[in-house]
Amino acid sequence: MAAELLAERVDQTLVLTLSNPGARNALHPDMYAAGVEALATAERDASVRAVVLTGADNFFCAGGNLNRLLENRQKDPSVQAASIDALAEWIEALRACPKPIIAAVEGAAAGAGFSLALACDLLVAADNAKFVMAYVKVGLTPDGGGSWFLSQALPRPLATEILLEGKPVSAARLANAGLVNRVVAPGQARAEALNWATDLAQLSPNAVGRIKSLIDSGASETLTSQLGAERDNFVASLHHADGLEGISAFLEKRPAKYP
């Protein structure tokens with residue numbers, strides 16, 4: 001069976017499942033294009049309030065397919081460069097999507113699979129899940145933004161250890177470092193992510209999208225610039241229909257209902 005990205009709706013959540021039977025859901029360029037298209041569709045569909053990214057058969061993703069990489073060595077370097085650019089487009093689409101995206105990791109997230117999990121907004125992992133950037137073990141360097149995500153989120157010594165040693169890191173250790181939000185029993189990551197997505201679906205879509213944007217800009221902007229961005233988003237949110245509904249619901253002591 002071919003590598004593919006499966007898509008299904010569970011109530012207001014779009015579930016994207018990495019599937020590559022027999023290869024521990026190793027990645028393929030077809031998945032990248034499907035991922036970009038799925039997120040674009042979700043962004044246009046107001047009934048989709050959250051996205052869950054997971055892997056088939058209780059395994060998140062083994063990363064790149066080494067046999068395919070060996071084949072690409074026999075081709076012009078532009079072939080591999082184009083493949084990495086396609087992955088980068090999917091990574092950027094995950095970050096830019098205004099809907100909250102939750103990674104549900106069972107088994108392991110390796111290489112670019114780890115990068116995909118890091119690109120999500122929130123991360124749920126089974127307590128026996130492993131995370132590994134083993135590029136150095138095969139004489140390669142990271143792709144998919146792995147080096148950026150880790151260096152942004154972790155102290156330099158820990159990011160360096162993960163990238164230079166290429167050894168598996170436990171979900172518990174990453175949770176202690178702040179990279180994994182919730183650690184659950186094996187087999188429960190998808191269910192936990194779906195429950196979380198259901199909770200997030202009750203929030204203002206306008207506010208959620210704007211908060212995601214502010215989090216991204218806050219990592220690199222000056223305080224003055226970020227204060228201006230917060231002002232603009234606050235004013236726009238106040239004058240948005242969601243702002244009226246949210247304030248009214250709070251004052252009337254009832255649950256808010258967003259369209």
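Is D232 buried, partly exposed or exposed? With a relative accessibility of 45%, D232 counts as partly exposed, because partly exposed covers the range between under 20% for buried and over 50% for exposed. The structure shown above is a predicted model, and this briefing goes through its nonpolar cores, its one cavity of 30 Å³ or more, its nine salt bridges and some single residues.

**Nonpolar cores**

- The largest nonpolar core has 51 residues, and within this core the residues with the most contacts are L18, W90, V105 and F131.
- The element that gives the most to this core is helix α4, which covers residues 112–119 and contributes six residues.
- Apart from residues up to four places away in sequence, V105 touches F60, A117, L123, V124, A125, A126, A129, F131 and A189, so that F131, another of the residues with the most contacts inside the core, is among the direct partners of V105.
- A second core of 14 residues is separate from this one, and V15, V52, I102 and A104 are included in it.
- As background, nonpolar side chains in soluble globular proteins tend to be buried together.

**The cavity**

- When the whole structure is searched, one cavity of 30 Å³ or more is found, and the largest cavity has a volume of about 60 Å³.
- The residues that line the largest cavity are R49, P98, K99, P100, L200, A201, L203, S204, P205 and V208.
- Sorted by class, this lining consists of seven nonpolar residues, one polar residue and two charged residues.
- In general, empty space of this kind is revealed by rolling a probe the size of a water molecule over the atoms.

**Salt bridges**

- The structure holds nine salt bridges, and the general background is that side chains of opposite charge can pair when their charged atoms come close.
- One of them joins the side chains of D45 and R9, with a distance of 3.5 Å from N to O.
- Because D45 lies in the loop between α1 (29–44) and β3 (50–55) while R9 lies in strand β1 (residues 4–10), this pair ties together parts that are 36 residues apart in sequence.
- Both partners count as partly exposed, D45 at 28% relative accessibility and R9 at 39%.
- Another salt bridge is formed where the side chains of D216 and R95 meet, at 3.3 Å from N to O.
- D216 belongs to helix α9 (residues 205–218) and R95 to helix α3 (residues 77–96), so this pair ties together parts that are 121 residues apart in sequence.
- D216 is partly exposed, with a relative accessible area of 32%, and R95 also counts as partly exposed, at 24% relative accessibility.
- D232, the residue of the opening question, forms a salt bridge with R231, and the closest N and O atoms of this pair are 2.9 Å apart.
- E245, E252 and R254 are linked with one another in a network of salt bridges.

**Residues in helices**

- Q226 lies in helix α10, which covers residues 223–238, and it counts as buried because its relative accessibility is 12%, where buried means under 20%.
- Leaving aside neighbours within four places in sequence, the contacts of Q226 are L214, S217, G218 and E221.
- V79 has its place in helix α3, and at 34% relative accessibility V79 counts as partly exposed.
- V79 and A236 are 157 residues apart along the chain, and their C-alpha atoms are separated by 44 Å.

**Loop residues with positive phi**

- D11 is a residue other than glycine whose phi is positive, near 55 degrees.
- This residue, D11, lies in the loop between β1 and β2 (13–19), and at 66% relative accessibility D11 counts as exposed.
- D57 likewise is not a glycine, although its phi is positive at about 55 degrees.
- The place of D57 is the loop between β3 and α2 (66–73), and D57 is exposed, with a relative accessible area of 67%.

Terms used. Residues are numbered from 1 along each chain as its sequence is written. This is a predicted model: local features need pLDDT of at least 70, side-chain atom pairs count only at pLDDT 80 or more; totals for chains, interfaces and linings use all residues. Side-chain values use heavy atoms; hydrogens and water are left out. A nonpolar core is a set of buried Ala, Val, Leu, Ile, Met, Phe, Trp, Tyr and Cys residues joined through side-chain atoms within 4.5 Å. Buried means under 20% relative accessible area, exposed over 50%, partly exposed in between (1.4 Å probe, protein chains only). Helices (H or I, at least four residues) and strands (E, at least two) are DSSP runs, numbered from the N terminus. Contact means heavy atoms within 4.5 Å. On a 1 Å grid over the protein atoms alone, a cavity is a set of points where a 1.4 Å probe fits but cannot get out, and a pocket is an open set with protein on both sides within 12 Å along at least five of seven lines; lining residues have an atom within 4 Å of a point. Grid points are joined across faces, edges and corners, and a volume is the space filled by probe spheres set on the points. Ala, Val, Leu, Ile, Met, Phe, Trp, Tyr, Cys and Pro count as nonpolar, Asp, Glu, Lys and Arg as charged, and the others, Gly among them, as polar. A salt bridge is a side-chain nitrogen of Lys or Arg within 4 Å of a carboxyl oxygen of Asp or Glu.
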